[in-house]
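Here is a short tour of one helix and one sheet. Have a look at the model first, and then read on.

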Amino acid sequence: MLISIRHLSKTFRNPDGSTLTVLKDVNCDINPGEVISIIGPSGTGKSTLLRAINMLEPPTGGEILFEGKNIMAKGYRLDALRMKMGMVFQSFNLFEHMTVLQNVTYAPVRLLGLSEQAAEEEAFALLKKVGMAQKANDMPSSLSGGQKQRVAIARALAMHPEVILFDEPTSALDPTMVGEVLSVIRQLAKEGLTMLIVTHEMRFARDVSTRIFFMNEGIIYEDGTPEQIFEHPVRSATKAFVNRIQMIKFEVGGDDFDFLTMRTEFTRFCIKYNIAGKAQTACDLAHDMLSNQMAAFRPLTLRLTHTELTGVTALDFMVEGLNESPVAGADLDDIRARVQDIVEEPTVRGFRVKLII
Ligand code: ADP
Ligand code: MG
(Lines give C-alpha, C1' and ligand atoms only; values in the text may rest on other atoms or scores of the structure.)
(Ligands and ions follow the chains in the order given, each with its own letter.)
Protein backbone atom coordinates (compact mmCIF):
# COMPACT_ATOMS: atom_id res chain seq x y z
CA MET A 1 0.00 0.00 0.00
CA LEU A 2 1.38 3.38 -0.96
CA ILE A 3 -1.29 5.65 0.50
CA SER A 4 -4.03 4.83 3.00
CA ILE A 5 -6.60 7.42 3.95
CA ARG A 6 -8.86 6.87 6.95
CA HIS A 7 -11.82 9.04 7.98
CA LEU A 8 -10.16 12.11 6.58
CA SER A 9 -11.94 15.40 7.22
CA LYS A 10 -11.28 19.05 6.55
CA THR A 11 -13.21 21.97 7.92
CA PHE A 12 -12.33 25.51 6.89
CA ARG A 13 -12.89 28.26 9.40
CA ASN A 14 -13.84 31.54 7.74
CA PRO A 15 -12.74 34.94 9.09
CA ASP A 16 -16.32 35.65 10.26
CA GLY A 17 -16.22 32.54 12.47
CA SER A 18 -18.45 30.39 10.26
CA THR A 19 -17.16 27.00 9.18
CA LEU A 20 -17.30 24.95 5.99
CA THR A 21 -16.75 21.20 6.09
CA VAL A 22 -15.39 20.25 2.69
CA LEU A 23 -14.12 16.74 3.36
CA LYS A 24 -16.43 14.77 5.63
CA ASP A 25 -15.14 11.23 5.74
CA VAL A 26 -12.75 10.21 3.00
CA ASN A 27 -11.44 6.65 2.96
CA CYS A 28 -9.30 4.95 0.34
CA ASP A 29 -6.25 2.79 -0.30
CA ILE A 30 -3.91 3.44 -3.19
CA ASN A 31 -1.45 0.86 -4.45
CA PRO A 32 1.76 1.52 -6.36
CA GLY A 33 1.16 1.66 -10.11
CA GLU A 34 -2.46 2.75 -9.85
CA VAL A 35 -3.73 5.61 -11.98
CA ILE A 36 -6.72 7.11 -10.24
CA SER A 37 -8.85 9.81 -11.77
CA ILE A 38 -10.85 11.89 -9.33
CA ILE A 39 -13.99 13.30 -10.91
CA GLY A 40 -16.98 15.17 -9.53
CA PRO A 41 -18.80 18.50 -9.55
CA SER A 42 -16.76 21.58 -8.72
CA GLY A 43 -16.65 22.62 -5.10
CA THR A 44 -16.79 19.04 -3.80
CA GLY A 45 -13.29 19.06 -2.34
CA LYS A 46 -11.21 17.39 -5.04
CA SER A 47 -8.43 19.99 -4.84
CA THR A 48 -8.67 20.03 -1.07
CA LEU A 49 -8.16 16.27 -0.99
CA LEU A 50 -5.04 16.46 -3.20
CA ARG A 51 -3.69 19.31 -1.10
CA ALA A 52 -4.36 17.33 2.06
CA ILE A 53 -2.50 14.31 0.69
CA ASN A 54 0.73 16.31 0.45
CA MET A 55 -0.08 18.40 3.51
CA LEU A 56 -0.31 21.72 1.68
CA GLU A 57 -3.68 21.91 3.41
CA PRO A 58 -3.44 20.08 6.75
CA PRO A 59 -6.59 18.00 7.41
CA THR A 60 -8.66 18.56 10.54
CA GLY A 61 -9.35 14.88 11.26
CA GLY A 62 -8.59 11.30 10.31
CA GLU A 63 -5.28 10.03 9.09
CA ILE A 64 -3.15 9.66 5.99
CA LEU A 65 -0.59 6.89 5.86
CA PHE A 66 2.15 7.18 3.26
CA GLU A 67 4.29 4.06 2.93
CA GLY A 68 2.79 2.98 6.25
CA LYS A 69 3.64 6.15 8.21
CA ASN A 70 1.13 8.70 9.43
CA ILE A 71 2.11 11.93 7.70
CA MET A 72 -0.06 13.97 10.06
CA ALA A 73 1.92 12.84 13.09
CA LYS A 74 4.14 15.37 14.85
CA GLY A 75 7.72 15.17 13.69
CA TYR A 76 6.93 13.60 10.30
CA ARG A 77 9.34 15.07 7.74
CA LEU A 78 7.13 16.97 5.29
CA ASP A 79 10.07 18.03 3.13
CA ALA A 80 10.93 14.37 2.59
CA LEU A 81 7.27 13.61 1.83
CA ARG A 82 7.05 16.32 -0.81
CA MET A 83 10.14 14.98 -2.54
CA LYS A 84 8.31 11.70 -3.01
CA MET A 85 5.05 13.33 -4.14
CA GLY A 86 5.13 15.46 -7.24
CA MET A 87 2.38 17.99 -7.80
CA VAL A 88 1.22 19.47 -11.09
CA PHE A 89 -1.14 22.42 -10.83
CA GLN A 90 -3.77 23.83 -13.13
CA SER A 91 -1.81 27.07 -13.32
CA PHE A 92 1.62 25.43 -14.03
CA ASN A 93 3.50 27.35 -11.28
CA LEU A 94 6.83 27.37 -13.15
CA PHE A 95 9.67 29.50 -11.81
CA GLU A 96 9.24 32.43 -14.21
CA HIS A 97 12.75 33.83 -13.74
CA MET A 98 14.47 30.56 -14.68
CA THR A 99 14.90 28.91 -18.05
CA VAL A 100 13.01 25.73 -18.86
CA LEU A 101 16.14 23.70 -18.14
CA GLN A 102 16.76 25.43 -14.80
CA ASN A 103 13.16 24.78 -13.81
CA VAL A 104 13.82 21.08 -14.21
CA THR A 105 17.31 20.93 -12.65
CA TYR A 106 16.66 23.21 -9.67
CA ALA A 107 15.19 20.72 -7.21
CA PRO A 108 17.36 17.70 -8.11
CA VAL A 109 20.51 19.81 -7.54
CA ARG A 110 19.27 21.47 -4.32
CA LEU A 111 17.35 18.60 -2.78
CA LEU A 112 18.75 15.38 -4.22
CA GLY A 113 22.34 16.63 -4.34
CA LEU A 114 22.87 15.89 -8.03
CA SER A 115 25.76 17.63 -9.80
CA GLU A 116 24.72 20.34 -12.26
CA GLN A 117 25.94 18.19 -15.10
CA ALA A 118 24.10 15.05 -14.02
CA ALA A 119 20.93 17.07 -13.40
CA GLU A 120 21.16 18.67 -16.84
CA GLU A 121 21.67 15.38 -18.59
CA GLU A 122 18.60 13.96 -16.97
CA ALA A 123 16.62 17.15 -17.51
CA PHE A 124 17.33 16.96 -21.24
CA ALA A 125 16.12 13.38 -21.33
CA LEU A 126 12.93 14.32 -19.50
CA LEU A 127 12.33 17.39 -21.66
CA LYS A 128 12.74 15.18 -24.68
CA LYS A 129 10.20 12.77 -23.28
CA VAL A 130 7.60 15.55 -22.99
CA GLY A 131 8.58 17.01 -26.38
CA MET A 132 10.20 20.15 -24.98
CA ALA A 133 13.96 19.59 -25.45
CA GLN A 134 14.20 22.24 -28.17
CA LYS A 135 12.91 24.86 -25.70
CA ALA A 136 15.41 24.03 -22.93
CA ASN A 137 16.99 27.47 -22.93
CA ASP A 138 13.79 29.49 -23.33
CA MET A 139 12.04 31.37 -20.55
CA PRO A 140 8.60 30.15 -19.44
CA SER A 141 7.00 33.45 -20.53
CA SER A 142 7.69 32.56 -24.16
CA LEU A 143 5.84 29.23 -23.95
CA SER A 144 2.23 28.34 -24.63
CA GLY A 145 0.10 26.90 -21.82
CA GLY A 146 0.43 23.38 -23.15
CA GLN A 147 4.20 23.73 -23.35
CA LYS A 148 4.38 25.14 -19.81
CA GLN A 149 2.38 22.24 -18.47
CA ARG A 150 4.66 19.72 -20.20
CA VAL A 151 7.66 21.42 -18.58
CA ALA A 152 5.90 21.27 -15.21
CA ILE A 153 5.46 17.53 -15.70
CA ALA A 154 9.17 17.10 -16.58
CA ARG A 155 10.04 19.10 -13.47
CA ALA A 156 7.93 16.81 -11.29
CA LEU A 157 9.46 13.70 -12.88
CA ALA A 158 12.99 14.95 -12.23
CA MET A 159 12.54 14.21 -8.52
CA HIS A 160 11.71 10.54 -9.22
CA PRO A 161 8.56 10.78 -7.14
CA GLU A 162 6.63 7.76 -5.90
CA VAL A 163 3.42 9.42 -6.99
CA ILE A 164 2.36 12.52 -8.92
CA LEU A 165 -0.78 14.45 -8.01
CA PHE A 166 -2.36 16.35 -10.90
CA ASP A 167 -4.95 19.02 -10.13
CA GLU A 168 -6.91 19.67 -13.32
CA PRO A 169 -3.77 19.80 -15.46
CA THR A 170 -5.64 20.79 -18.62
CA SER A 171 -8.40 23.11 -17.43
CA ALA A 172 -6.41 26.33 -17.86
CA LEU A 173 -5.41 25.39 -21.40
CA ASP A 174 -6.68 26.54 -24.73
CA PRO A 175 -8.71 23.64 -26.17
CA THR A 176 -6.13 23.03 -28.92
CA MET A 177 -3.46 22.24 -26.29
CA VAL A 178 -5.32 19.79 -24.11
CA GLY A 179 -4.37 16.79 -26.24
CA GLU A 180 -0.60 17.30 -26.06
CA VAL A 181 -0.68 17.35 -22.25
CA LEU A 182 -3.04 14.39 -21.95
CA SER A 183 -0.85 12.31 -24.24
CA VAL A 184 2.16 12.90 -21.98
CA ILE A 185 0.12 11.77 -18.96
CA ARG A 186 -1.16 8.78 -20.93
CA GLN A 187 2.43 7.77 -21.64
CA LEU A 188 3.34 8.00 -17.93
CA ALA A 189 0.35 5.80 -17.09
CA LYS A 190 1.62 3.17 -19.53
CA GLU A 191 4.98 3.24 -17.80
CA GLY A 192 3.32 2.41 -14.48
CA LEU A 193 3.81 5.68 -12.63
CA THR A 194 1.39 6.06 -9.72
CA MET A 195 -0.84 9.06 -10.34
CA LEU A 196 -3.86 10.77 -8.85
CA ILE A 197 -5.50 12.99 -11.43
CA VAL A 198 -8.32 15.43 -10.79
CA THR A 199 -9.87 15.94 -14.19
CA HIS A 200 -12.99 16.89 -16.10
CA GLU A 201 -11.86 15.00 -19.19
CA MET A 202 -14.20 12.02 -18.94
CA ARG A 203 -12.99 10.14 -22.01
CA PHE A 204 -9.40 10.50 -20.89
CA ALA A 205 -10.29 9.38 -17.34
CA ARG A 206 -12.05 6.34 -18.69
CA ASP A 207 -9.20 5.34 -21.01
CA VAL A 208 -6.23 5.97 -18.78
CA SER A 209 -7.30 5.06 -15.24
CA THR A 210 -7.15 1.85 -13.27
CA ARG A 211 -9.74 3.29 -10.87
CA ILE A 212 -12.12 6.23 -10.67
CA PHE A 213 -13.14 8.12 -7.54
CA PHE A 214 -16.37 10.06 -7.93
CA MET A 215 -16.35 12.74 -5.24
CA ASN A 216 -19.55 14.31 -4.07
CA GLU A 217 -20.77 15.79 -0.79
CA GLY A 218 -17.36 15.59 0.88
CA ILE A 219 -16.85 11.86 0.47
CA ILE A 220 -15.73 9.39 -2.17
CA TYR A 221 -19.31 8.83 -3.17
CA GLU A 222 -18.61 5.96 -5.53
CA ASP A 223 -15.42 4.29 -6.65
CA GLY A 224 -14.63 1.49 -9.02
CA THR A 225 -13.05 0.57 -12.31
CA PRO A 226 -13.70 2.93 -15.21
CA GLU A 227 -16.17 0.39 -16.53
CA GLN A 228 -18.11 0.30 -13.26
CA ILE A 229 -18.24 4.05 -12.86
CA PHE A 230 -18.90 5.04 -16.45
CA GLU A 231 -20.95 2.11 -17.77
CA HIS A 232 -22.70 0.82 -14.63
CA PRO A 233 -22.75 3.52 -11.97
CA VAL A 234 -24.81 2.46 -8.97
CA ARG A 235 -25.81 5.77 -7.40
CA SER A 236 -28.01 8.29 -9.17
CA ALA A 237 -25.71 11.29 -8.63
CA THR A 238 -22.89 9.34 -10.25
CA LYS A 239 -25.11 8.45 -13.20
CA ALA A 240 -26.16 12.05 -13.71
CA PHE A 241 -22.58 13.27 -13.54
CA VAL A 242 -20.99 10.80 -15.92
CA ASN A 243 -23.73 11.06 -18.53
CA ARG A 244 -23.78 14.82 -18.64
CA ILE A 245 -24.17 16.49 -21.94
CA GLN A 246 -22.07 19.40 -23.15
CA MET A 247 -24.01 22.01 -25.02
CA ILE A 248 -23.81 25.28 -26.89
CA LYS A 249 -26.98 27.16 -27.75
CA PHE A 250 -28.06 30.01 -30.01
CA GLU A 251 -31.35 31.85 -30.29
CA VAL A 252 -31.91 32.23 -34.02
CA GLY A 253 -34.01 35.31 -34.76
CA GLY A 254 -36.57 35.72 -37.49
CA ASP A 255 -34.53 37.90 -39.84
CA ASP A 256 -30.84 38.07 -39.19
CA PHE A 257 -28.50 35.60 -37.60
CA ASP A 258 -24.77 35.90 -37.14
CA PHE A 259 -23.50 32.81 -38.95
CA LEU A 260 -19.88 33.84 -38.53
CA THR A 261 -20.12 33.87 -34.73
CA MET A 262 -21.95 30.56 -34.85
CA ARG A 263 -19.17 29.01 -36.95
CA THR A 264 -16.49 30.34 -34.59
CA GLU A 265 -18.29 29.11 -31.48
CA PHE A 266 -19.18 25.72 -32.95
CA THR A 267 -15.56 25.22 -33.99
CA ARG A 268 -14.25 26.11 -30.53
CA PHE A 269 -16.77 23.75 -28.98
CA CYS A 270 -15.77 20.88 -31.26
CA ILE A 271 -12.07 21.39 -30.59
CA LYS A 272 -12.71 21.51 -26.86
CA TYR A 273 -14.55 18.19 -26.85
CA ASN A 274 -12.18 16.46 -29.26
CA ILE A 275 -14.57 16.34 -32.19
CA ALA A 276 -12.83 18.89 -34.39
CA GLY A 277 -13.59 16.65 -37.37
CA LYS A 278 -17.32 17.31 -36.93
CA ALA A 279 -17.08 21.11 -36.82
CA GLN A 280 -17.40 21.68 -40.55
CA THR A 281 -20.38 19.33 -40.87
CA ALA A 282 -22.13 20.94 -37.90
CA CYS A 283 -21.62 24.45 -39.29
CA ASP A 284 -22.73 23.56 -42.82
CA LEU A 285 -25.78 21.62 -41.66
CA ALA A 286 -26.87 24.44 -39.37
CA HIS A 287 -26.42 26.95 -42.16
CA ASP A 288 -28.31 24.89 -44.73
CA MET A 289 -31.20 23.94 -42.45
CA LEU A 290 -31.66 27.50 -41.18
CA SER A 291 -31.60 28.87 -44.73
CA ASN A 292 -33.88 26.20 -46.24
CA GLN A 293 -35.94 23.58 -44.41
CA MET A 294 -36.18 25.55 -41.14
CA ALA A 295 -36.25 29.05 -42.62
CA ALA A 296 -40.01 29.44 -42.19
CA PHE A 297 -39.83 28.29 -38.56
CA ARG A 298 -37.58 31.02 -37.22
CA PRO A 299 -37.31 32.25 -34.50
CA LEU A 300 -36.03 28.97 -33.09
CA THR A 301 -33.37 27.62 -30.77
CA LEU A 302 -30.30 25.97 -32.25
CA ARG A 303 -28.22 23.66 -30.04
CA LEU A 304 -25.08 21.67 -30.62
CA THR A 305 -24.77 18.94 -28.00
CA HIS A 306 -22.11 16.37 -27.28
CA THR A 307 -22.26 13.47 -24.83
CA GLU A 308 -18.62 12.92 -24.08
CA LEU A 309 -18.95 9.38 -22.87
CA THR A 310 -20.99 7.93 -25.73
CA GLY A 311 -19.43 10.18 -28.36
CA VAL A 312 -22.87 11.19 -29.70
CA THR A 313 -22.97 14.67 -31.24
CA ALA A 314 -26.25 16.23 -32.28
CA LEU A 315 -27.59 19.41 -33.82
CA ASP A 316 -31.03 20.37 -32.47
CA PHE A 317 -33.52 22.78 -34.00
CA MET A 318 -36.19 23.53 -31.43
CA VAL A 319 -39.35 25.39 -32.32
CA GLU A 320 -41.79 26.46 -29.62
CA GLY A 321 -45.53 26.07 -29.98
CA LEU A 322 -45.52 23.45 -32.73
CA ASN A 323 -47.23 20.12 -32.28
CA GLU A 324 -46.06 18.48 -35.46
CA SER A 325 -42.67 18.19 -37.09
CA PRO A 326 -41.59 21.29 -39.00
CA VAL A 327 -39.86 19.09 -41.57
CA ALA A 328 -42.73 16.62 -42.06
CA GLY A 329 -43.18 17.44 -45.73
CA ALA A 330 -39.72 18.83 -46.46
CA ASP A 331 -37.13 17.39 -48.80
CA LEU A 332 -34.46 15.98 -46.48
CA ASP A 333 -32.57 13.74 -48.90
CA ASP A 334 -29.53 15.98 -49.06
CA ILE A 335 -29.45 16.37 -45.27
CA ARG A 336 -30.03 12.65 -44.64
CA ALA A 337 -26.99 11.80 -46.75
CA ARG A 338 -24.78 13.90 -44.47
CA VAL A 339 -25.93 12.70 -41.03
CA GLN A 340 -26.15 9.43 -39.11
CA ASP A 341 -29.78 9.90 -38.21
CA ILE A 342 -32.63 12.40 -38.13
CA VAL A 343 -34.94 12.31 -35.12
CA GLU A 344 -38.20 14.30 -35.08
CA GLU A 345 -39.73 14.47 -31.61
CA PRO A 346 -42.15 16.54 -29.55
CA THR A 347 -40.78 18.45 -26.55
CA VAL A 348 -42.54 19.99 -23.57
CA ARG A 349 -42.99 23.30 -25.33
CA GLY A 350 -42.90 22.44 -29.02
CA PHE A 351 -41.06 20.26 -31.48
CA ARG A 352 -37.45 19.29 -32.03
CA VAL A 353 -35.59 18.11 -35.11
CA LYS A 354 -32.37 16.40 -34.11
CA LEU A 355 -29.58 15.65 -36.55
CA ILE A 356 -27.12 13.09 -35.20
CA ILE A 357 -23.75 13.88 -36.77
P1 ADP B 1 -13.02 21.28 -6.10
O2 ADP B 1 -11.56 21.16 -6.36
O3 ADP B 1 -13.73 19.96 -6.03
O4 ADP B 1 -13.70 22.19 -7.06
P5 ADP B 1 -12.16 22.62 -3.69
O6 ADP B 1 -11.45 21.56 -2.92
O7 ADP B 1 -11.32 23.60 -4.40
O8 ADP B 1 -13.22 21.92 -4.66
O9 ADP B 1 -13.09 23.46 -2.74
C10 ADP B 1 -14.16 22.88 -2.00
C11 ADP B 1 -14.83 23.95 -1.17
O12 ADP B 1 -13.92 24.44 -0.18
C13 ADP B 1 -15.25 25.18 -1.96
O14 ADP B 1 -16.50 25.60 -1.49
C15 ADP B 1 -14.19 26.20 -1.64
O16 ADP B 1 -14.72 27.50 -1.70
C17 ADP B 1 -13.79 25.83 -0.22
N18 ADP B 1 -12.39 26.18 0.07
C19 ADP B 1 -11.30 25.71 -0.58
N20 ADP B 1 -10.15 26.23 -0.04
C21 ADP B 1 -10.56 27.04 0.97
C22 ADP B 1 -9.86 27.86 1.93
N23 ADP B 1 -8.52 27.93 1.94
N24 ADP B 1 -10.60 28.56 2.81
C25 ADP B 1 -11.95 28.48 2.83
N26 ADP B 1 -12.66 27.72 1.97
C27 ADP B 1 -11.98 27.00 1.05
MG1 MG C 1 -10.38 22.04 -7.82
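Contact here means heavy atoms within 4.5 Å. Helices (H or I, at least four residues) and strands (E, at least two) are DSSP runs, numbered from the N terminus.

## About the model

This is a predicted model, where local features need pLDDT of at least 70 and side-chain atom pairs count only at pLDDT 80 or more, while totals for chains, interfaces and linings use all residues. Residues are numbered from 1 along each chain as its sequence is written, chains are lettered from A and ligands numbered from 1 in the order in which they are written, and side-chain values use heavy atoms, with hydrogens and water left out.

## Helix α10 and its cover

Which residues of α10 are buried (under 20% relative accessible area, 1.4 Å probe, protein chains only)? They are Met-262, Phe-266, Phe-269 and Cys-270. These residues cover an arc of only 95 degrees around the axis (taken from the directions from the helix axis to the C-beta atoms), so they sit on the same side of α10. Their cover includes β11 (245-252), α11 (279-291), β12 (300-307) and β13 (312-320).

Just after α10, Asn-274 takes a positive phi of about 65 degrees.

## The open sheet

Four strands make an open sheet in the order β2-β1-β4-β5, with antiparallel pairing (two strands pair if DSSP finds at least two bridges between them). The edge strands, each pairing on one side only, are β2 (19-30) and β5 (69-70).

Strand β4 (residues 61-66) pairs with β5 over two bridges in the antiparallel sense, and Phe-66 stands opposite Lys-69 in β5.

Conventions: Buried means under 20% relative accessible area, exposed over 50%, partly exposed in between (1.4 Å probe, protein chains only).
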